[in-house]
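Thanks for coming. I'd like to walk you through one structure today, beginning with its salt bridges and then moving on to its sheet.

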Amino acid sequence: MFTDSRFEKFTGSPAGPRKNPQPHITIGRSGLIYLNAAAYKELGRPGYVTLYYSGEDDAIAVEPTFPPTPESFPVTKKQHGWAIHTSAFCRRFRIRVSGTQAFLRPEFKPGILILNLRETDSISIRDPA
């Protein structure tokens, strides 16, 4: 086991598609919420979602919406996963994240996904010191 204290162990996983991946969801500084294929499937493969925010819990709720409403956000295919462009939602609720954040414990409930903004980990590339 490597024990040099000058090094920090990487506890993430390799990027790219994997067989039988766990749900993985991120949010970026621009408000882009990204779901891998497993998370998208768990959510029910929606074409549109409605978003809710709890300031008390600092959490986002994502609800699949059938059929879409004027408040619905489209879910679009992007690379190996799916994206929800939420910049207007983030501006409205003053949600700001520094760099890309991965949700540590996305909570799937029947018909809803809860994303706790207090339970994230930065996956951004560090700026040189």
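Before the first item, a definition: a salt bridge here is a side-chain nitrogen of Lys or Arg within 4 Å of a carboxyl oxygen of Asp or Glu. Please also keep in mind that this is a predicted model.

With that cut-off, Arg-105 and Glu-119 qualify, since their side chains meet at 3.4 Å, N to O. Where do these two sit? Arg-105 is in the loop between β7, residues 101–103, and β8, while Glu-119 is in the loop between β9, residues 112–116, and β10, so the pair ties together parts that are 14 residues apart in sequence. As for accessibility, Arg-105 is exposed at 53%, and Glu-119 is partly exposed at 26%.

How many salt bridges does a search of the whole structure find? The search finds three. Another one joins Asp-4 to Arg-6, with the closest N and O atoms 2.6 Å apart. Arg-6 is exposed, at 69% relative accessible area, whereas Asp-4 is partly exposed at 24%. The remaining pair is Lys-109 with Glu-107, where the closest N and O atoms are 3.5 Å apart. Both ends of that pair are partly exposed: Lys-109 has a relative accessibility of 42% and Glu-107 has 37%.

Now the sheet. It is open, it has 10 strands, and the pairing is antiparallel. Reading across, the order is β8-β9-β4-β3-β5-β6-β2-β1-β7-β10. Which strands are at the edges? They are β8, residues 107–109, and β10, residues 120–122, and each of them pairs on one side only. From one strand to the next, the twist averages 30°. As a reminder, strands of a sheet pair through backbone hydrogen bonds, either parallel or antiparallel.

Let me take β4 and follow its partners. Strand β4 covers residues 59–64, and five of its six residues are buried, so the strand is largely enclosed by the rest of the structure. On one side, six bridges join β4 to β3, and the two run antiparallel. Within that pairing, Ser-54 stands opposite Ala-59 of β4. The hairpin of β3 and β4 has four residues between the strands, and Asp-58 there takes a positive phi near 50°.

β4 also pairs with β9, again in the antiparallel sense, over four bridges. Here Ile-60 stands opposite Leu-115 in β9.

Going the other way along the order, β3, residues 48–54, pairs with β5, residues 73–78. That pairing is antiparallel and has two bridges. Val-49 is the residue that stands opposite Phe-73 in β5.

One last residue, Thr-26, which is found in strand β1, residues 25–27. Is Thr-26 buried or exposed? Thr-26 is buried, because its relative accessible area is 9% and the limit for buried is under 20%. Leaving aside neighbours within four places in sequence, what is Thr-26 in contact with? The list is Leu-32, Ile-33, Tyr-34, Thr-100, Gln-101, Ala-102, Phe-103 and Ile-123. Gln-101, Ala-102 and Phe-103 are in that list, and residues 101–103 make up β7, the strand that follows β1 in the order I read out.

That is what I had on the salt bridges, the sheet and Thr-26.

Notes
Residues numbered from 1 in each chain as written. Predicted model: local features only at pLDDT ≥ 70, side-chain atom pairs only at ≥ 80, totals over all residues. Heavy atoms only, no water. Pairing = 2+ DSSP bridges. Axes fitted to C-alpha atoms, helices over the stretch in contact; angles between N-to-C directions. Buried < 20%, exposed > 50% of the residue type's maximum accessible area, 1.4 Å probe, protein only. Contact = heavy atoms within 4.5 Å.
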